[in-house]
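Visitor: I'd like a close look at one part of this model, with enough of the surroundings to place it. Pick the part you find worth the trouble and tell me how it sits in the rest.

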Amino acid sequence: MSEIIELANYLFALATNIIILAHVQLVNSKDFNWYEKLYRLDRLLADKYRVKINHASIGRRSLWKILITFTFACVCSTVNFCYAKKSSNYVPYLYAHNYFLKTIINLRYIQNFTRFDFITHRIEAVHKAVRDIVEQNTVEWKIVLVLDTFKRQHRGSLKKIDDVDDVVMLKEFYSTLFESMKTLEQIFGWSLLAMFSFAFIDLTSNMYWFFIAYLNLDEHIQIIDSIFEIIPSVSIIICAIYSSFNASRKGRELIISVSKLYTNTTSCYNRVVKEFLMQIYHERLEISANDFFIVDFQLCTAVSNYW
């Protein structure tokens with residue numbers, strides 16, 4: 001039974017890698033399109049509202065997150081490989097290739113939640129622009145006229161409050177975020193679905209061997225080996241789930257701030273704000289695995305119901 005499950009896991013890992021490699025080749029153009037959308041959003045935020053994203057700081061945090069996650073996964077795979085060498089049915093190339101395939105899957109997970117973090121930083125930037133507009137609308141403005149030597153009047157260069165153009169620009173920002181989310185789903189769709197399916201199948205079999213070792217039903221199965229088989233999958237899935245959940249949470253916070261754009265002045269401005277709210281209520285910033293289930297902390301329940 002052990003040999004059958006190990007061979008099945010190897011074949012599932014191989015099939016998942018084939019799906020990932022094939023899907024990556026199909027979505028290369030969408031990948032470039034995704035970067036262009038974010039670049040255009042960054043430029044508009046900087047030009048219109050002077051909201052700049054600290055790319056250097058984001059890059060450093062992402063790099064540390066990638067290094068820690070990947071190193072931890074590699075250490076766990078090394079420990080498993082060492083235990084596998086003591087097994088009676090040890091096949092060196094099969095085990096080495098199996099852990100190599102799992103490493104490729106883990107790299108795809110890391111790329112996935114890094115992209116989620118990129119989206120989250122853009123949501124925060126748009127949120128800051130919304131807060132600046134809300135603060136601007138609540139300030140009591142005084143119009144100051146200046147007379148020059150020729151007795152000509154000059155009005156101070158004050159930004160217009162309750163400006164419909166601000167809401168129109170925010171709608172464009174949100175549309176770019178929503179389109180980026182959907183493009184991201186297309187980039188990772190089928191591969192993410194295959195990865196989650198493999199992860200839960202692999203986790204189920206490893207949990208089975210963990211309880212076998214915990215109950216001392218087979219002396220050849222080591223509990224430490226089982227734990228180090230389980231930890232990498234669980235850790236990386238949690239990172240992906242948290243990054244996706246964090247992006248959705250920031251999106252919900254953005255909705256709350258947009259509702260504060262309402263003022264007691266022009267009806268035209270408030271009407272555009274209402275249209276904007278209708279837009280963001282119907283276009284939620286959520287990430288799904290190829291539209292089968294939302295990637296959040298209810299993923300385990302969703303996968304269980306799906307299967």
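Guide: Start with confidence, since this is a predicted model: strand β2 (residues 153–155) has the lowest mean pLDDT in the chain, 47, and helix α2 (residues 28–49) the highest, 84. pLDDT is the predictor's own confidence in each residue, on a scale from 0 to 100. The chain averages 77, and 83% of the residues score at least 70. Under 50 you'll find residues 153–158, for which the model has 14 contacts beyond four places in sequence; a contact here is heavy atoms within 4.5 Å. Where pLDDT is low, the predicted coordinates shouldn't be read in detail.

Some housekeeping: residues count from 1 along each chain as its sequence is written, and side-chain values use heavy atoms, with hydrogens and water left out. Local features need pLDDT of at least 70 and side-chain atom pairs 80 or more, while totals for chains, interfaces and linings use all residues.

Now the part itself: helix α5. Along the chain the order is α-α-α-α-β-β-α-α-α-α, giving 8 helices and 2 strands. These are DSSP runs numbered from the N terminus, with H or I over at least four residues for a helix and E over at least two for a strand. Helix α5 covers residues 164–214, and its end C-alpha atoms span only 65 Å, where a straight helix of 51 residues would span 75 Å at 1.5 Å a residue. That expected span is 1.5 Å times one less than the number of residues. There's a kink of about 55 degrees in α5, centred on G189; the bend is the angle between axes fitted to the seven residues ending at a position and the seven starting there.

Just past the end of α5, N216 has a positive phi of about 55 degrees. Most residues other than glycine have a negative phi. R50, in the loop between α2 and α3, is another non-glycine with a positive phi, near 55 degrees. R50 counts as exposed because its relative accessibility is 75%; the cut-offs are buried under 20%, exposed over 50% and partly exposed in between, with a 1.4 Å probe and protein chains only.

What does α5 touch? Look across to helix α4 (residues 92–138), where K102 is found. Leaving out residues up to four places away in sequence, K102 touches F198, D202 and E229. This lysine counts as buried because its relative accessibility is 11%. Also in α4 is I123, which is buried because its value is 1%. Beyond its neighbours within four places, I123 contacts L177, M181, A247, K250, G251, L254 and L285. G251 is 128 residues away along the chain, yet the two C-alpha atoms are 6.6 Å apart.

That pairing fits a wider count: among contacts between residues at least 6 apart in sequence, 79% join residues at least 24 apart. Of the 307 residues, 45% count as buried. The chain exposes about 17,400 Å², with carbon and sulfur atoms supplying 62% of it, by the Shrake-Rupley method. As for cysteines, C239 is partly exposed at 22% and C268 likewise at 35%. Disulfides come to 0, taking one as a pair of cysteine sulfur atoms within 2.5 Å.

Key: Accessible areas come from the Shrake-Rupley method with a 1.4 Å probe; for residues, only the protein chains shown count as cover.
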